[in-house]
Amino acid sequence: MPSFPQPGSVTICEINRDLITAEALSDDQAKETYGKILGIVFRPIPFGTDHLLLSSADQSSEQQSDSRTKEKDVNSGWLAALPMTLTKSFKYLFQPNDVKLLPQVDLHGISWHQHKHILAFISGPNDVTVCDYEDSEGKDPCILTSESQRGVKLIQWRPNDGRTLSVACKGGVCIWTASYPGNIASVRSGVSSGTLSRSTGTRWTVVDFLRSHDEEQITALSWSPSGRYLASGSCESSSFTIWDVAQGLGTPIRRGLGGISVLNWSPSGDYFFSAKFDGTFYLWETNTWTSQPWSLNNGFVKGSTWDPDGRMILITFSESSSLGAIHFSSKPPLLEAHLLPVDLPDIKTLTNSIDKIAWDASGERLAVSYKDVNKIYKGLIAIYDVKRTPFISASLIGFIRGPGDNPQPITFSFHDKFKQGPLLSVCWSSGFCCTYPLLFRSHNLP
C-alpha cells in the first residue's frame, strides 16, 4: 500500500519505499532516520512566502479555472499528436502576449549545485537564498540581492564551473559567482555588481548581466551540460537566445509566434526542447540547430524533465491530466521521435490536472504535484518508483506532506548528482524549504 501521511504529520524521508513521518520538523528525527546513513542532516530553511503565494497559487488557480471554463472542448485526442501540419490550432495567435498564462508554467525556483551540497531557491520577489550544507561555520544561509536583480522568476546553477548561479530577472539574467581570498571573481566591464560576504570568507558577486531584448522579463532558462551555453527566453517574446556566457554574446533564435513557456537542454547536450504558449513545441538537434515542430490540441507545454540518458523527455500540458513521453527512436542528429502517454496509477481518478513534475537523475523516482485534487490529497506530492524497460512504467510509493498549516508545494527539484540516492527539495507555502532523501536498496542502503 502507498504511504499516506496523516493530517498534522510531516514527512522526513523514504526508506525502502516507506515514507517516514513525524509529528513535527526535528533534526533529531532526521538524524535517527537518514542522518546515520548519510552522515548529514538537511535542516529546513525558513523564508517569507507572501509574494510566492500570490503568484504561484492564487493566480495559477484563477487562470486554470478561467481556461477550463472557456476551452472545455480541447482535452482530448492528444495521442494523435504528430509533427505539426497546416491544421494547427490558431486559438492563441491573436493574443497580444502570454503573460497571463505564466502562472501555470512550472517555473524552477529551486536548484541544487551539481557537485556540492549547496541549495539555492527564490525567497523573495528580488531575492535568492543560498544554503551551503557543507559549510560547518556558516550556519545561516546567504541572501543574494542586487540592483540588477528584479522580478526573479527562476534559477539554475551553471554545470562544471565552480559556484556560478544564473537568475532570471526583469530585463535579463544575473550571473552570480562565489569567490574567495586569493581567488576573486572577475566582473565584466560595465556590470553594476552587487556583492555579499560571509564569515567564512566567501563573497558572492554579480559578474555579468545578460541583457534581454527590449528589457523583457526572462521566464525560461536552461544551461547546456558543458556549462558553456545558456538558453534564455521570455513569455513576452517568440524568440529565445543562446548565450556564449564567457563572451557575453547572445544569438536569438525564433520559431513560431507564441511566447516561450519552456526551454530544456538534454543531459547529453545533443537535443534541446522548446515550447510555446500557442500549443506548439520544438525538438532541436544542437549540431546544426535544426528543429522539428509539433502541435497538440490539449493546451501548451508547461513543464518538462529529461531522463538521465537524454533519450526521452517527459512533458506536462496545461489542459490534460496525462503525462507525455517523447522517445527518440534514432541517434543524433536525427530527430525521429514518438510521443506516448505515461500512466500514473492510483491517483488519476482523484484529479484532472498535473501541476509540477521532477524526475530524479537516476531515473528511479518521479515527484508529481496536482491541482484540483480532493481535500484529502490537497497539497501532497506523489512519489513514484519508475522503470524504463524501454517504456516508462510507474508505481506509486506514497505522498510527501510539508510542514505548517495547509502547506502547498510552490516549487521542487531533485539534486542531479547526489550519489547516495534521490534527494528532493521542496519550497512549501508555509515558509519552509525542506529536503527529503529517498533511500532504497539499489543505492547500497543497508
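**Exposure, packing and voids in a predicted model**

At a relative accessibility of 37%, E215 counts as partly exposed, since the value falls between the 20% and 50% cut-offs. The model is predicted. E215 sits in the loop between β12 (203–211) and β13. Its phi is positive, about 55 degrees, although E215 is not a glycine. R17 also has a positive phi without being a glycine; here the angle is near 70 degrees. The loop between β1 and β2 (18–22) holds R17. With a relative accessible area of 37%, R17 is partly exposed.

The protein chain comprises 446 residues, and 57% of them count as buried. Its secondary structure consists of 2 helices and 31 strands. Contacts between residues at least 6 apart in sequence were also examined; 54% of these join residues at least 24 apart. The chain exposes about 18,900 Å². Carbon and sulfur atoms supply 50% of that area.

Two cis peptide bonds are described here. One runs from P332 to P333, with omega near 10 degrees. P333 belongs to the loop between β23 (323–328) and β24 (337–342). The other joins T389 and P390, with omega about -15 degrees. P390 is placed in the loop between β27 (381–388) and β28 (392–400).

S189 offers a further loop site. It lies between β10 (172–179) and β11 (195–197). S189 is exposed, because its relative accessible area of 75% is over the 50% cut-off. In sequence, S189 and D208 are 19 residues apart. Their C-alpha atoms are 8.5 Å apart in space.

P409 is a strand residue, located in β29. Its relative accessibility is 12%, so P409 counts as buried; the cut-off is 20%. Beyond its neighbours within four places in sequence, P409 contacts K356, S369, G379, I381, V426, C427 and W428. P409 and C433 are 24 residues apart along the chain. A distance of 9.7 Å separates their C-alpha atoms.

C433 leads on to the nonpolar interior. The largest nonpolar core has 22 residues. Within this core, Y34, F42, Y133 and C433 touch the most other members. Six elements each supply at least two core residues: β1, α1, β4 (110–112), β5 (118–124), β30 (423–428) and β31. The surroundings of Y34 can be listed in full. Leaving aside neighbours within four places in sequence, Y34 is in contact with I12, C13, G39, I40, V41, F42, P437 and L439.

Enclosed space was considered next. The structure holds 5 cavities of 30 Å³ or more. The largest cavity contains about 120 Å³ of space. Its lining is formed by 14 residues, and I12, L25, F42, P44 and T435 are the closest to its centre. By class, this lining has 9 nonpolar, 3 polar and 2 charged residues. At least two lining residues come from each of β1 (10–15), α1 (27–38) and β31 (432–439). These three elements also each supply at least two residues of the largest nonpolar core. F42 links the two descriptions: it is among the core residues that touch the most other members, and among the lining residues closest to the cavity centre. I12, another residue close to that centre, is in contact with Y34.

Open space was treated separately. The largest pocket holds about 1,000 Å³. It is lined by 46 residues. Q156, N264, W265, T305 and D416 lie nearest the pocket centre. The lining is made up of 24 nonpolar, 16 polar and 6 charged residues. Several strands each supply at least two lining residues: β4, β8 (154–157), β13 (220–223), β17 (260–265), β21 (301–306), β25 (353–359) and β29 (409–414). Of these strands, β4 also supplies at least two residues of the largest nonpolar core. Strand β29 is the one that contains P409. Strand β13 adjoins the loop that carries E215.

How values were computed: Residues numbered from 1 in each chain as written. Predicted model: local features only at pLDDT ≥ 70, side-chain atom pairs only at ≥ 80, totals over all residues. Heavy atoms only, no water. Helix = DSSP H or I, 4+ residues; strand = E, 2+ residues; numbered from the N terminus. Buried < 20%, exposed > 50% of the residue type's maximum accessible area, 1.4 Å probe, protein only. Contact = heavy atoms within 4.5 Å. Areas by Shrake-Rupley, 256 points an atom, 1.4 Å probe, with all protein chains shown as cover. 1 Å grid on protein atoms, 1.4 Å probe; cavity = no way out; pocket = protein on both sides within 12 Å on 5 of 7 lines; lining within 4 Å. Points joined across faces, edges and corners; volume = space filled by probe spheres on them. Nonpolar A, V, L, I, M, F, W, Y, C, P; charged D, E, K, R; others polar. Core = buried A, V, L, I, M, F, W, Y, C linked by side-chain atoms within 4.5 Å.
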